[in-house]
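Subject: Structure handover

Hello,

Here is the structure I promised you. Please open it next to this email, and read on for what came out of it.

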Amino acid sequence: MYSKEEIVKSVPQKGFFGHPKGLFTLFFTEFWERFSYYGMRAILIFYMYYELHEGGLGLDRVTANSIMAIYGSLVYMSGVIGGWLADRVWGTRKAVFYGGILIMLGHIILSFPGALTSLFISMFFIVMGTGLLKPNVSAVVGDMYAPNDNRRDAGFSIFVMGINMGAFIAPLIVGAVSKKLNFHYGFAIAAIGMLLGLIMFWMTAKKNLGLAGSVPTNPMDKEDKKKAIRNFAIGIVVIIALGAVAYATDNLTVAAFSLLITTLGIALPTAFFIIMYRSPKTTEDEKSRLLAYIPLFVAAVMFWAIQEQGATILATYADTRTNLLVGNFEIPAAWFQSLNPLFVIVLAPLFALLWVKWGDRGPSTPMKFVFSLFFAGLSFFVMVIPSVLSGGETLISPWWLVLSFFLVVVGEMLLSPVGLSATTKLAPAAFAAQTMSLWFLASAAAQAINAQLVRVYEVVSDATYFGMIGGASIVLGLVLLICTPLISKAMRGVK
């Protein structure tokens, strides 16, 4: 174990725009990881439901959208496992590298023609790899700065810019290649992107990162290892047994599995809240703050349920209901997946300046959540207009989708960074790390719920679907608005 001071001293503190050299390593590692992930995700839904003669798997759209939602939920759930392995076994640096290898293997499998089994195997690798890499690479960024270093926030801002740059560029390149050639070439480019990230990390980590992330923060002793191995073995046996029972009873289906993931998506955060609230380590003030956090968490689930449909329902809408012809050029439907990171890159600095300028005069945390739900709801409401005007028969203008993506990103600026900050402030001291995991479980729960919502999309009109989901967000925002004084009071002095 090394002290925080020893770790910071081991990292070269200058060399990347006035920041530690290690930020260069982590910036480009995450840039290429997000390039590979978002490049793959931009075309995955189309690969699943396009017909076999079009190079796809020929699944029906309900199943394809449901698999995408399950996949997204599992990616966020796996972060809990990845964080545990980093803290107890490998350290964050090894977890990042091993995660990158698994992600690359998943993309390599997708780059070769295969059936549904190959898709599920690749998803397993990518889910586990992302769970290892995504939460832990951010932790290494924090390790490079002293607690009182005023460069910390700026460093994370630069790091987040790398994430969004990779996410912006990937759909443009992968989408164009998959349209001109085939899906497997697109997945191969995603694999190459992750390979470049691994090479960058391997070549510069030792020199630039010093001791940051080199050892686990809470290593296991012999008794812990025995217990972990025993629990792991029991878990494997239980999973195999459940799978055998499901197979024997003809319940080993996407629909049954999606219902299981939806149940887990709701049950896991519920269990987290109960355990933390009932713990003797949680003080009375902390219990009050935890109760204040629950409506914020519910609001986050509602928001992410809409935001994450950009890669499922809106992606499908872009492909099947939108006029993609500009003159003689046909816009690849995957390009719409670049809109979210593009708007984040543009709006994030503006909102950061706005909060600094307003200071204490700005809206409270609950009010920011209220506005985020309003914008999320509006992002779906605007899709009602072209759906009604077209009568469900003629193709709509792509500008409606651009407006929808823009509105939901405005909501994201009001909720995502604010939610991270609120989580750190409202978390019980004894459960600080677990509460941060809980925040990411909001996205897991949202996509787990989406696994059921996407089934509704195929049985109702576009206008009904968008109006129903958008209306639910706005109604929840109004409820949160009414409860804001109570929530603020329960936060016990936390602003």
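In this predicted model, helix α3 meets helix α9 through two sets of residues. From α3 come Thr63, Ser66, Ile67, Ile70, Ser73, Leu74 and Met77. From α9 come Val254, Phe257, Ser258, Ile261, Leu264, Gly265 and Leu268. By class, this contact has 9 nonpolar and 5 polar residues, and no charged ones. The axes of α3 and α9 come within 10 Å and cross at roughly 35°. Their crossing is left-handed.

Helix α3 also packs on α5. The two axes come within 6 Å, at a crossing angle of roughly 50°. That angle makes α3 oblique to α5. The crossing of α3 with α5 is right-handed. On the α3 side, the contact uses Ile67, Tyr71, Leu74, Val75, Ser78, Gly79, Ile81, Gly82, Gly83, Leu85, Ala86 and Trp90. On the α5 side, the partners are Phe120, Met123, Ile126, Val127, Met128, Thr130, Gly131, Leu132, Pro135 and Asn136. The class count here is 15 nonpolar and 7 polar, again with no charged residues.

Next, the second largest pocket. Its volume is about 2200 Å³. The lining has 45 residues. Which of them lie nearest the centre of the pocket? They are Leu74, Ile81, Phe124, Met128 and Ile239. Leu74 and Ile81 belong to the α3 side of the α3–α5 contact, and Met128 to the α5 side. Leu74 is also part of the contact with α9. The elements that give two or more residues to this lining are α3, α4 (92-110), α5, α8 (222-248) and α9 (254-278). By class, the lining divides into 36 nonpolar, 6 polar and 3 charged residues.

Then the enclosed spaces. The count comes to 3 cavities of 30 Å³ or more. The largest has a volume of about 60 Å³. Its lining is made of Arg34, Tyr37, Tyr38, Arg41, Val75, Tyr76, Thr130, Lys134, Glu308 and Gln447. Helices α2 (22-49), α3 (61-90) and α5 (116-143) each give two or more residues to that lining. Which element gives the largest share? That is α2, with 4 residues. The lining has 4 nonpolar, 2 polar and 4 charged residues. Val75 and Thr130 from this lining also appear in the contact between α3 and α5.

The second largest cavity has a volume of about 50 Å³. Tyr37, Arg41, Met68, Tyr71, Gly72, Glu308, Ala311, Thr312 and Gln447 line it. Two or more residues come from each of α2 and α3. Here the largest share, 3 residues, is from α3. By class, the lining has 4 nonpolar, 3 polar and 2 charged residues. Tyr37, Arg41, Glu308 and Gln447 are found in the linings of both cavities. Tyr71 is one of the α3 residues that meet α5.

One more helix pair is worth a look. Helix α13 (residues 365-390) and helix α14 (residues 399-426) pack at an angle of about 165°. Their axes are 8 Å apart. The angle is over 145°, so α13 is roughly antiparallel to α14. By class, the contact of α13 with α14 has 19 nonpolar, 6 polar and 1 charged residues. The crossing of α13 and α14 is left-handed.

If you want one place to begin, try α3. This helix contacts α5 and α9. It also gives residues to the lining of the second largest pocket, the largest cavity and the second largest cavity.

Best wishes

Key:
Residues are numbered from 1 along each chain as its sequence is written. This is a predicted model: local features need pLDDT of at least 70, side-chain atom pairs count only at pLDDT 80 or more; totals for chains, interfaces and linings use all residues. Side-chain values use heavy atoms; hydrogens and water are left out. Axes are lines fitted to C-alpha atoms, for helices over the stretch in contact, and angles run from 0 to 180 degrees between N-to-C directions. Angles under 35 degrees count as roughly parallel, over 145 as roughly antiparallel, 65 to 115 as roughly perpendicular and the rest as oblique. A crossing is left-handed if the near helix is turned anticlockwise from the far one by less than a right angle, and right-handed if clockwise. Ala, Val, Leu, Ile, Met, Phe, Trp, Tyr, Cys and Pro count as nonpolar, Asp, Glu, Lys and Arg as charged, and the others, Gly among them, as polar. On a 1 Å grid over the protein atoms alone, a cavity is a set of points where a 1.4 Å probe fits but cannot get out, and a pocket is an open set with protein on both sides within 12 Å along at least five of seven lines; lining residues have an atom within 4 Å of a point. Grid points are joined across faces, edges and corners, and a volume is the space filled by probe spheres set on the points. Contact means heavy atoms within 4.5 Å.
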